[in-house]
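Hi,

Here is the structure I promised to pass on. Have a look at it first, and then read on for what turned up.

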Amino acid sequence: MSTHTFIATAQRELIPIVAAELRELGVKSVRETRQGAYFEGTLEEAYRACLWLRVANRIWMPLVEADAQDADALYAALRLVTWLDHIAEDGTLAVNCHLHRSDLNHSHFASLKAKDAIVDQLREATGLRPSIDTEYPDLRVRIDIDRNRAQIGIDLSGSGLHRRGYRKEGFIAPLRETLAASILLRAKWPEIAKNGGSFYDPMCGSGTLLVEAALIAADIAPGLKRTHFGFVKWR
C-alpha cells in the first residue's frame with residue numbers, strides 16, 4: 001500500500017499534542033515543524049486522523065512544491081498538478097492560501113490567482129469549468145507560501161476539525177472544541193477518566209469542556225457526528 005506525506009495543522013503551542021495523538025493512532029513517522037505535525041502514512045491512516053484527532057485544525061496532503069515569488073509564478077506552480085485527477089470538470093472547488101514572509105502578501109488575491117490556474121487548466125482540457133463552493137466543495141485546495149516557496153495540496157478535512165457536528169448553533173464567547181480537547185489532554189483527563197475520576201465544570205457556558213471530556217472518557221471519535229470531510233468527493 002503506497003504512503004504519502006500529510007500535515008496536521010494546529011496552533012504552534014499545540015503541535016506537540018497533535019504529534020502525540022498521531023503516535024497513539026499508530027502512525028510511525030511523525031515530526032514537528034512550525035507548519036504542523038508532518039507524518040508519513042497511507043490514505044487510510046490520514047482518514048483515521050481526520051476522524052480521531054482531537055486537537056488538530058486540519059489534515060492536508062501536499063502534492064507539489066515550487067517557487068511562487070509573484071502571481072505569475074504561483075499560477076505556473078498550480079499548473080504543475082493535473083487537476084482532472086482530483087476533481088471532475090463540472091465539480092465544485094475552493095482554494096485557501098496561507099502566506100508567511102513572502103512577496104505575495106494578500107491571501108485573497110493569491111487564492112483567486114490559484115483558482116484561475118485550476119479553472120483554466122480544466123477548461124482547456126474539457127471545455128467545462130468547476131464552480132466555487134466555499135462551504136462544502138468537492139475539492140478544497142490548500143496553498144502554503146513561506147518565503148516565496150509554495151506547497152500546494154489537498155485539504156482532506158474540508159472544514160476545520162473543531163466542527164465536531166454535535167453543536168447546532170454557536171454561543172457567546174465560545175471555547176473552540178480543539179482547544180478544549182488540548183486542555184483536557186494536558187490535564188491528563190484520559191488517565192483520570194480511566195481510573196474512575198469525575199469531571200466537574202462549574203462555569204460550563206455552552207458545555208464544550210464537558211462534551212469533549214465525555215467523548216474522551218467514552219472513547220468516541222470527535223469527528224463521528226460530522227456529515228462531511230474534504231476527502232469524501234475527492235477523486
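Below are my notes on the pocket, the cores, two helices and a few single residues.

Please keep in mind that this is a predicted model.

**The largest pocket**

I started with the open space, since that may be what you look at first. The largest pocket holds about 570 Å³. It is lined by 18 residues, and those closest to its centre are Glu-21, Glu-24, Arg-54, Leu-185 and Pro-190. Four elements each give two or more residues to the lining: helix 1 (15–24), helix 5 (177–186), helix 6 (189–194) and helix 7 (208–217). How do the lining residues divide into nonpolar, polar and charged? Ten are nonpolar and eight are charged, while no polar residue is found in the lining.

**The nonpolar cores**

The largest nonpolar core has 52 residues, and the members that touch the most others are Leu-22, Trp-83 and Ile-143. Helix 4 (residues 107–126) makes the biggest contribution to this core, giving six residues. There is also a second, separate core of seven residues, with Ala-180, Trp-189, Ala-193 and Ala-213 among them.

Trp-83 is a good residue to click on in the viewer. Setting aside residues up to four places away in sequence, Trp-83 touches Leu-63, Leu-78, Ile-118, Gln-121, Leu-122, Leu-139, Val-141, Ile-152 and Ile-154.

**Helix 7 and Glu-212**

Helix 7 came up with the pocket lining, and its buried residues are Thr-208, Leu-209, Glu-212, Ala-213, Leu-215 and Ile-216. Why do they sit on the same side of helix 7? They cover an arc of only 160° around the axis, so they are placed on the same side of the helix. The buried residues of helix 7 pack against helix 5 and helix 6. Just after helix 7, Asp-219 has a positive phi of about 55°.

Within helix 7, Glu-212 deserves a line of its own. Is this charged residue buried or exposed? Glu-212 has a relative accessible area of 0%, so it counts as buried. Beyond its neighbours within four places in sequence, Glu-212 is in contact with Arg-164, Tyr-166, Glu-177, Ala-180, Ala-181 and Leu-184. One of these, Ala-180, also belongs to the second core.

**Helix 2 and the start of the chain**

In helix 2 (43–52), the buried residues are Ala-46, Ala-49 and Cys-50. They cover an arc of only 100° around the axis, which means that they lie on the same side of helix 2. These buried residues pack against strand 1, helix 1, strand 3 and strand 4 (58–67).

Thr-42 is in the loop between strand 3 (37–41) and helix 2. Thr-42 is buried, because its relative accessible area is 12%, and the cut-off for buried is under 20%. Apart from neighbours within four places in sequence, Thr-42 is in contact with Met-1, Ser-2, Thr-3 and Phe-6.

Ser-2 lies in the segment before strand 1 (4–9). Which residues does Ser-2 contact, leaving aside its neighbours within four places in sequence? They are Gly-41 and Thr-42. Ser-2 and Leu-43 are 41 residues apart in sequence, and their C-alpha atoms are 8.3 Å apart in space.

**Two strand residues**

Asp-144 is part of strand 7 (residues 139–146). With a relative accessible area of 9%, Asp-144 is buried. Its contacts, leaving aside neighbours within four places in sequence, are Gln-35, Trp-60, His-98, Arg-149, Ala-150 and Gln-151. Between the C-alpha atoms of Asp-144 and Trp-83 there are 18 Å, and the two are 61 residues apart along the chain.

Ile-132, in strand 6 (residues 131–132), is partly exposed, with a relative accessible area of 47%. How far apart in space are Ile-132 and Ala-94, C-alpha to C-alpha? The distance is 5.9 Å, with their positions 38 residues apart in sequence. Leaving aside neighbours within four places in sequence, Ile-132 is in contact with Leu-93 and Lys-115.

That is what I have for now. Enjoy looking around!

Best wishes

Definitions and conventions
Residues are numbered from 1 along each chain as its sequence is written. This is a predicted model: local features need pLDDT of at least 70, side-chain atom pairs count only at pLDDT 80 or more; totals for chains, interfaces and linings use all residues. Side-chain values use heavy atoms; hydrogens and water are left out. On a 1 Å grid over the protein atoms alone, a cavity is a set of points where a 1.4 Å probe fits but cannot get out, and a pocket is an open set with protein on both sides within 12 Å along at least five of seven lines; lining residues have an atom within 4 Å of a point. Grid points are joined across faces, edges and corners, and a volume is the space filled by probe spheres set on the points. Ala, Val, Leu, Ile, Met, Phe, Trp, Tyr, Cys and Pro count as nonpolar, Asp, Glu, Lys and Arg as charged, and the others, Gly among them, as polar. A nonpolar core is a set of buried Ala, Val, Leu, Ile, Met, Phe, Trp, Tyr and Cys residues joined through side-chain atoms within 4.5 Å. Buried means under 20% relative accessible area, exposed over 50%, partly exposed in between (1.4 Å probe, protein chains only). Contact means heavy atoms within 4.5 Å. The arc is that of the directions from the helix axis to the C-beta atoms.
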